Amino acid sequence: FASMRCGYGFMLTTQQTLQIKTVGSTSYAIYTDSDGTVHYFEASEYIPGEVGEGSTTYSDTDGIGLTAVDPNSSVFSSEYEFFEEMGFGYASSLILKDQAGNCFLFYNGLPTVFLDKNGNLVKYLYDTTSSSGTTWFPESTGSQLRRIVQQNALANGAYTADIPVATLTHNSDNYLTSISSNGRTVTYTYSGVYLTSISVSEYLN
């Protein structure tokens, strides 16, 4: 996260990653969770798709109830087809799914779209504050998170307009300087590479 620094010893819960890597001759999905713990997922199943060759799933070896899915080969279930229909294509993407049916799309290794079991969305906008098109997808793990928005599912299949969740700012050295949410701003101060203080503004009327 060279473009999203928080000082030595600190990280945001949004700084998760999910990537496929080969160790020796074995392919793993490697998930770094929100507290920095690294989980290795072993390839567990080859799911035949409706078209093409199908997709591979990776099951966690720690018993935390998560499954990583590489959907690049085909469309094989409604959860993954939804992402494609919304414009979140399969190229460079992986999906993390829990036992409750919530899905987290990772694009180029970074969290990009969270889809809960009720169909509501949370979008993570990189290098821009606009969620139009796909320009907010992370180009690489060097992309910088700028804004988080929510869209709630409506009964007619449409979605609400963006509901602001948080806006993040960084300085010229790519260190996080503030997070604003619901009228409150948290400010971060550094001395070199070390986080030295965190201050919270009062709620604004």
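In the predicted model, Leu96 touches Leu18, Tyr31, Phe41, Leu66, Thr67, Ala68, Asn102, Cys103, Phe104 and Phe106, with residues up to four places away in sequence left out of the count. Leu96 is also one of four residues, together with Leu18, Phe41 and Leu176, that touch the most other members of the largest nonpolar core. That core has 29 residues. Another core, of 12 residues, lies apart from it and includes Leu115, Leu121, Leu125 and Trp136. In soluble globular proteins, nonpolar side chains tend to be buried together.

The chain as a whole contains 1 helix and 14 strands. Of its 205 residues, 42% are buried. Among contacts with a separation of 6 or more, 33% join residues 24 or more positions apart. The exposed area of the chain is about 10,600 Å², and carbon and sulfur atoms supply 48% of it.

Ala68, one of the residues touched by Leu96, is found in strand E5, which spans residues 66–70. Its relative accessible area is 2%, so Ala68 is buried. With neighbours within four places in sequence set aside, Ala68 is in contact with Leu18, Ala29, Phe41, Thr56, Thr57, Tyr58, Ile95 and Leu96. Leu18 and Phe41 thus appear among the contacts of Ala68 and also among those of Leu96. The C-alpha atoms of Ala68 and Ala43 are separated by 8.9 Å, and these two residues are 25 residues apart along the chain.

Leu105 is placed in strand E7, residues 103–107. Its relative accessibility is 1%, and Leu105 therefore counts as buried. Between the C-alpha atoms of Leu105 and Ser93 there are 6.9 Å, with 12 residues separating the two along the chain.

Aromatic side chains were examined next. The count comes to 10 aromatic pairs. In one of them, the ring centres of Tyr31 and Phe41 are 6.3 Å apart and the ring planes stand at 80°, so the pair is edge-to-face. Tyr31 lies in strand E2 (residues 26–32) and Phe41 in strand E3, so this pair ties together parts that are 10 residues apart in sequence. Both partners are buried: Tyr31 has a relative accessible area of 7%, and Phe41 one of 0%. Ring pairs also link Tyr31 and Phe41 with Phe104, Phe106, Phe114 and Tyr124 into a cluster. Of the residues in this cluster, Tyr31, Phe41, Phe104 and Phe106 are touched by Leu96.

Strand E2 also holds Ile30. Ile30 counts as buried because its relative accessibility is 13%, below the 20% limit for that class. Its contacts, leaving aside neighbours within four places in sequence, are Thr17, Leu18, Gln19, Lys21, Val38, His39 and Tyr40. For Ile30 and Thr17, the C-alpha to C-alpha distance is 7.9 Å and the separation in sequence is 13 residues.

Two of the contacts of Ile30, Val38 and Tyr40, belong to a nonpolar surface patch. The patch covers about 250 Å² and is made by Val23, Val38 and Tyr40. Tyr40 is found in strand E3, which runs over residues 38–47. With a relative accessibility of 38%, Tyr40 counts as partly exposed. Strand E3 thus carries Tyr40 as well as Phe41, and these residues are partly exposed and buried, respectively.

Backbone geometry was considered for two asparagines. Most residues other than glycine have a negative phi. Asn174, although not a glycine, has a positive phi of about 70°. Asn174 is placed in the loop between strand E11 (163–170) and strand E12 (176–181), and its relative accessible area of 25% makes it partly exposed. Asn182 likewise has a positive phi, near 55°. The loop that holds Asn182 lies between E12 and strand E13 (184–191). At 65% relative accessibility, Asn182 counts as exposed.

Technical notes
Residues numbered from 1 in each chain as written. Heavy atoms only, no water. Core = buried A, V, L, I, M, F, W, Y, C linked by side-chain atoms within 4.5 Å. Buried < 20%, exposed > 50% of the residue type's maximum accessible area, 1.4 Å probe, protein only. Contact = heavy atoms within 4.5 Å. Patch = residues over 30% accessible without salt bridge, like charges linked within 9 Å, V, L, I, M, F, W, Y side chains within 5 Å. Areas by Shrake-Rupley, 256 points an atom, 1.4 Å probe, with all protein chains shown as cover. Salt bridge = Lys/Arg side-chain N within 4 Å of Asp/Glu carboxyl O. Helix = DSSP H or I, 4+ residues; strand = E, 2+ residues; numbered from the N terminus. Phe/Tyr/Trp six-rings, centres within 6.5 Å; stacked < 30°, edge-to-face > 60°.
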